[in-house]
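Me: I would like a close look at a single part of this model, with its charged contacts set in the context of the chain. Please treat the confidence of the prediction before turning to the details.

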Amino acid sequence: MATDPVVRFLAALDPDHRDTIGAKPRQEQEQLAAAWERELESDDELDTLDELSPPAAEAEAARRVLAREAG
């Protein structure tokens, strides 16, 4: 399993967003990955989902981070 937060974050994204975020500067990717990790750690709803499906929890956290970034 990848331990680099950016690699893990990119893996949690859908393919279209993965390409878009993958083209951004590394510093911006690191900021998004850090926000993603905070989202995973702080949201109790994601904790429950993580117990059922860790990839689904990671994907949901990634969607939330991108939604905040866009909006």
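Reply: Among the elements of the protein chain, helix H1 (residues 5-12) has the highest mean pLDDT, 96, and H4 the lowest, 84. The model is predicted, and the mean pLDDT of the protein chain is 92, with 97% of its residues at 70 or more. The part chosen here is helix H3 (residues 26-42), together with the residues that its side chains meet.

The account may start from the salt bridges. A search of the whole structure finds eleven of them. One of these is formed by the side chains of arginine 26 and aspartate 4, with an N to O distance of 3.1 Å. This pair links distant parts of the chain, since arginine 26 belongs to helix H3 and aspartate 4 to the segment before H1, 22 residues apart. Arginine 26 has a relative accessible area of 40% and is therefore partly exposed. Aspartate 4 is also partly exposed, because its relative accessible area is 26%, a value between the limits of 20% for buried and 50% for exposed.

A further salt bridge of helix H3 reaches helix H1. The side chains of arginine 8 and glutamate 37 meet at 3.5 Å, N to O. Here, too, distant parts of the chain are linked: arginine 8 is in helix H1 and glutamate 37 in helix H3, 29 residues apart. The two partners fall into separate classes of accessibility. Arginine 8 counts as buried because its relative accessibility is 17%, under the limit of 20%. Glutamate 37, at 25% relative accessibility, counts as partly exposed.

Helix H1 also contains valine 6. With a relative accessible area of 3%, valine 6 is buried. Its C-alpha atom is separated by 9.2 Å from that of glycine 22, which stands 16 residues away along the chain.

On the side of helix H5, the contact is made by glutamate 39. Its salt bridge with arginine 68 has the closest N and O atoms 3.0 Å apart. The pair again joins distant parts of the chain, with glutamate 39 in helix H3 and arginine 68 in helix H5 (residues 54-70), 29 residues apart. Glutamate 39 is buried, as its relative accessible area is 10%. This residue also belongs to a network: salt bridges that share partners join Glu39, Asp43, Glu45, Glu60, Arg63, Arg64 and Arg68.

Glutamate 41 likewise lies in helix H3. In contrast to the buried glutamate 39, glutamate 41 is exposed, with a relative accessible area of 65%. The C-alpha atoms of glutamate 41 and alanine 61 are 9.7 Å apart in space, while the two residues are 20 apart in sequence.

The surroundings of helix H3 may be completed with helix H4. Aspartate 44 lies in this helix, which spans residues 44-52. Because its relative accessibility is 59%, aspartate 44 counts as exposed. Together with Asp47, Asp50 and Glu51, Asp44 gathers in a patch of negative charge on the surface. The mean pLDDT of H4, 84, is the lowest among the elements of the chain.

In summary, helix H3 is tied to the segment before H1 through arginine 26, to helix H1 through glutamate 37, and to helix H5 through glutamate 39.

Conventions: Residues are numbered from 1 along each chain as its sequence is written. This is a predicted model: local features need pLDDT of at least 70, side-chain atom pairs count only at pLDDT 80 or more; totals for chains, interfaces and linings use all residues. Side-chain values use heavy atoms; hydrogens and water are left out. Patches are made of residues with over 30% relative accessible area and no salt bridge: like charges are joined within 9 Å, nonpolar side chains (Val, Leu, Ile, Met, Phe, Trp, Tyr) within 5 Å. Accessible areas come from the Shrake-Rupley method with a 1.4 Å probe; for residues, only the protein chains shown count as cover. A salt bridge is a side-chain nitrogen of Lys or Arg within 4 Å of a carboxyl oxygen of Asp or Glu. Lys and Arg count as positive and Asp and Glu as negative; His and the chain ends are not counted. The place of a charge is taken as NZ of Lys, CZ of Arg, CG of Asp or CD of Glu. Helices (H or I, at least four residues) and strands (E, at least two) are DSSP runs, numbered from the N terminus. Buried means under 20% relative accessible area, exposed over 50%, partly exposed in between (1.4 Å probe, protein chains only). pLDDT is the predictor's confidence in each residue, from 0 to 100.
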